[in-house]
Amino acid sequence: MPADSEHIAGRKSAISREDLLAAALKLIGPHRSVSTLSLREVAREAGIAPNSFYRQFRDMDELAVALIDLAGVSLQKIIEAARVRAAIDRSAVRGAVEAFMEQLRADDQLLHVLLREGTAGSDAFKHAVDRQLSFFEEELRISLIQINAAQGVTLREPALVAKAITRLVFAMGATAVDLPREKDPELVRQLTLMVRMIIAGSRTLAEEARSLRGQG
């Protein structure tokens with residue numbers, strides 16, 4: 001009896017979305033982006049016939065979006081770690097920056113994809129990146145309001161503060177991916193100071209606005 005065509009040359013008879021995502025991640029690296037991958041390459045890495053790819057994804061664009069959605073798990077880990085550090089009375093800003101760097105160095109390929117390729121790819125891919133960044137910004141906005149309220153201070157436009165910090169951290173993170181780990185302490189120091197400067201500026205603007213209202 002002839003062998004099923006999908007068993008030829010060691011090909012698998014069944015494949016999951018997770019298998020295809022894992023295969024794509026194996027092909028991505030410092031010199032290879034999601035947008036340059038072909039369907040045939042991913043299928044070959046996963047050990048399936050190219051046609052079997054369509055059982056899980058419509059096209060490579062849909063697979064790329066799925067990778068970014070998975071990266072949201074990495075962002076959630078950063079948020080949770082930062083909140084734990086703040087809860088044990090450490091510097092909230094430095095703790096958050098350290099949590100980000102630790103996740104970055106945890107061989108987290110999904111986070112690397114998000115950092116490296118946020119401005120590349122299709123419109124759907126860019127929208128998926130923006131969706132994850134917006135989620136991170138909203139969680140950060142809530143934390144900033146709570147932390148500053150506990151200290152008896154307010155921020156001017158906390159949503160804009162959260163956006164500025166998010167974009168700064170991700171831009172620095174994209175650079176850090178290719179730097180040796182020995183650079184991390186200095187990077188953490190610089191990034192912590194930059195974030196504190198943004199927060200201090202927002203507090204000052206909020207105070208100035210209060211003073212002007214008081215004069216009126």
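# An all-helix fold, seen from helix 1 outward

In this predicted model, helix 1 has Leu 20, Leu 21, Ala 23, Ala 24 and Leu 25 as its buried residues. Their cover includes helix 2, helix 3 and helix 5. That makes a handy place to start a tour of the whole chain.

The protein contains 8 helices and 0 strands, and from the N terminus on its elements run α-α-α-α-α-α-α-α. It has 216 residues, of which 42% count as buried. Among contacts between residues at least 6 apart in sequence, 69% join residues at least 24 apart.

## The nonpolar core

The largest nonpolar core holds 58 residues, and Leu 20, Val 42, Leu 63 and Leu 67 are those with the most contacts inside it. Helix 1 (17-27), helix 2 (39-46), helix 3 (60-87), helix 4, helix 5 (109-116), helix 6 (123-150), helix 7 and helix 8 (184-215) each supply at least two residues of this core. The most comes from helix 3, which gives 11 residues.

Leu 20 links this core back to our starting point, being one of the buried residues of helix 1. Leu 67 is another good residue to look at closely. Which residues does Leu 67 touch, not counting residues up to four places away in sequence? They are Leu 21, Ala 24, Leu 25, Ile 28, Val 34 and Leu 110. Of these partners, Leu 21, Ala 24 and Leu 25 are among the buried residues of helix 1.

## Three helix pairs

Two packed helices are described by the angle between their axes and the distance between the axes. Here is how three pairs look in those terms.

| Helix pair | Angle between axes | Axis separation |
|---|---|---|
| Helix 3 and helix 4 | about 145° | 8 Å |
| Helix 4 and helix 7 | about 35° | 11 Å |
| Helix 7 and helix 8 | roughly 165° | within 10 Å |

Let us take helix 3 and helix 4 to begin with. Helix 3 passes helix 4 in a right-handed crossing. On the helix 3 side, Ser 74, Lys 77, Ile 78, Ala 81, Ala 82, Arg 85 and Ala 86 take part, and they meet Ala 92, Gly 95, Ala 96, Glu 98, Ala 99, Phe 100, Glu 102 and Gln 103 in helix 4. By class, this contact has 8 nonpolar, 3 polar and 4 charged residues.

Helix 4 (residues 92-104) also packs with helix 7 (residues 158-176), and the crossing of these two is right-handed. From helix 4, Phe 100, Met 101 and Leu 104 meet Val 169, Phe 170, Gly 173 and Ala 176 of helix 7. The residues of this contact divide into 6 nonpolar, 1 polar and no charged. Phe 100 is worth a second look: Phe 100 is in the contact with helix 7 and is also listed in the contact with helix 3.

How do helix 7 and helix 8 run relative to each other, roughly parallel or roughly antiparallel? Their axes cross at roughly 165°, and angles over 145 degrees count as roughly antiparallel, so helix 7 and helix 8 are roughly antiparallel to each other. Helix 7 passes helix 8 in a right-handed crossing. Helix 7 brings Val 161, Ala 164, Ile 165, Leu 168, Val 169, Met 172 and Ala 176 to meet Leu 187, Gln 190, Leu 191, Met 194, Val 195, Ile 198, Ile 199 and Ser 202 in helix 8. This contact has 13 nonpolar, 2 polar and no charged residues. Val 169 and Ala 176 appear here and also in the contact with helix 4.

## Around the loop between helix 6 and helix 7

Asn 148 lies in helix 6. Is Asn 148 buried or exposed? The relative accessibility of Asn 148 is 3%, and buried means under 20%, so Asn 148 counts as buried. Leaving aside neighbours within four places in sequence, Asn 148 is in contact with Val 153, Leu 155, Ile 199 and Arg 203. Ile 199 is also one of the helix 8 residues that meet helix 7.

Further along, Glu 157 sits in the loop between helix 6 and helix 7. Most residues other than glycine have a negative phi. Glu 157, however, has a phi near 50°, a positive value. With a relative accessible area of 47%, Glu 157 is partly exposed.

Finally, Glu 208 is placed in helix 8 and counts as partly exposed at 44% relative accessibility. Glu 208 and Arg 156 are 52 residues apart in sequence, while their C-alpha atoms are 9.6 Å apart in space.

Terms used: Residues numbered from 1 in each chain as written. Predicted model: local features only at pLDDT ≥ 70, side-chain atom pairs only at ≥ 80, totals over all residues. Heavy atoms only, no water. Axes fitted to C-alpha atoms, helices over the stretch in contact; angles between N-to-C directions. Helix = DSSP H or I, 4+ residues; strand = E, 2+ residues; numbered from the N terminus. Left-handed = near helix turned anticlockwise from the far one by under 90°. Contact = heavy atoms within 4.5 Å. Nonpolar A, V, L, I, M, F, W, Y, C, P; charged D, E, K, R; others polar. Core = buried A, V, L, I, M, F, W, Y, C linked by side-chain atoms within 4.5 Å. Buried < 20%, exposed > 50% of the residue type's maximum accessible area, 1.4 Å probe, protein only. Parallel < 35°, antiparallel > 145°, perpendicular 65-115°, else oblique.
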